[in-house]
Amino acid sequence: MRNTHFDARASEWIGDLTVWQREHAGDNSDQMDRLRRNLRRARELELTPRQREVLILYYDKGLKMHQIARRLGVNESTVSRTVKRAKQRLYRCLRYSF
């Protein structure tokens, strides 16, 4: 194994670059607003009622998957698969909305 020394200046340079990028990044608020509108619409129009319910409980209400499973009377893996499929469906709907 080679004897490598940590170069403090290298990490400072990365930090400086991060700050520079943040300060010079373009304003994407219009894109984010459009994405949020499209997300709300896609949740209503593209998801099944069960997928909508599970996403509301998981993301909006902050419940854990085992809590959702208990509340809905299903297995935890069913909740996990439902969240995954809903996210995939939303991604397919929204990937061109930027």
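**Exercise 1. Placing Tyr58**

Task: State in which helix Tyr58 lies, and decide whether Tyr58 is buried, partly exposed or exposed.

Solution. In this predicted model, Tyr58 belongs to helix α3. The relative accessible area of Tyr58 is 27%. Buried means under 20% and exposed means over 50%, with partly exposed in between. Tyr58 is therefore partly exposed.

**Exercise 2. The surroundings of Tyr58**

Task: Identify the residues in contact with Tyr58 when its neighbours within four places in sequence are left aside, and give the C-alpha to C-alpha separation of Tyr58 and Ile68.

Solution. With those neighbours set aside, Tyr58 is in contact with Leu63, Met65, Ile68 and Val83. For one of these, Ile68, the separation from Tyr58 is ten residues in sequence. In space, the C-alpha atoms of Tyr58 and Ile68 are 7.4 Å apart.

**Exercise 3. The helix that holds Tyr58**

Task: Describe the span of α3, its buried residues, what covers them, and the residue with positive phi that follows the helix.

Solution. Helix α3 covers residues 49-60, twelve residues in total. From its first C-alpha to its last, α3 reaches 15 Å, close to the 16 Å expected at 1.5 Å a residue. Within α3, the buried residues are Gln51, Arg52, Val54, Leu55 and Leu57. Their cover includes α2 (29-45), α4 (65-72) and α5 (76-94). After α3 comes Gly62, with a positive phi near 75 degrees.

**Exercise 4. The packing of α3 and α5**

Task: Determine how α3 and α5 are oriented to each other, and which residues meet.

Solution. The axes of α3 and α5 are 9 Å apart, and the two helices pack at an angle of about 100 degrees. Angles of 65 to 115 degrees count as roughly perpendicular. Helices α3 and α5 are therefore roughly perpendicular to each other. On the α3 side, the residues are Arg50, Gln51, Val54, Leu55, Tyr58 and Tyr59. On the α5 side, they are Val79, Thr82, Val83, Arg85, Ala86, Lys87, Arg89 and Leu90. The residues of this contact divide into eight nonpolar, two polar and four charged.

**Exercise 5. The chain as a whole**

Task: Summarise the helices and strands of the protein chain, its buried share, its contacts and its accessible surface.

Solution. The protein chain has five helices and zero strands, in the order α-α-α-α-α along the sequence. Of its 98 residues, 21% are buried. Among contacts between residues at least 6 apart in sequence, 56% join residues at least 24 apart. The accessible surface is about 8200 Å², and 50% of that belongs to carbon and sulfur atoms.

Note on methods: Residues numbered from 1 in each chain as written. Predicted model: local features only at pLDDT ≥ 70, side-chain atom pairs only at ≥ 80, totals over all residues. Heavy atoms only, no water. Helix = DSSP H or I, 4+ residues; strand = E, 2+ residues; numbered from the N terminus. Buried < 20%, exposed > 50% of the residue type's maximum accessible area, 1.4 Å probe, protein only. Contact = heavy atoms within 4.5 Å. Areas by Shrake-Rupley, 256 points an atom, 1.4 Å probe, with all protein chains shown as cover. Expected span 1.5 Å × (residues − 1). Axes fitted to C-alpha atoms, helices over the stretch in contact; angles between N-to-C directions. Parallel < 35°, antiparallel > 145°, perpendicular 65-115°, else oblique. Nonpolar A, V, L, I, M, F, W, Y, C, P; charged D, E, K, R; others polar.
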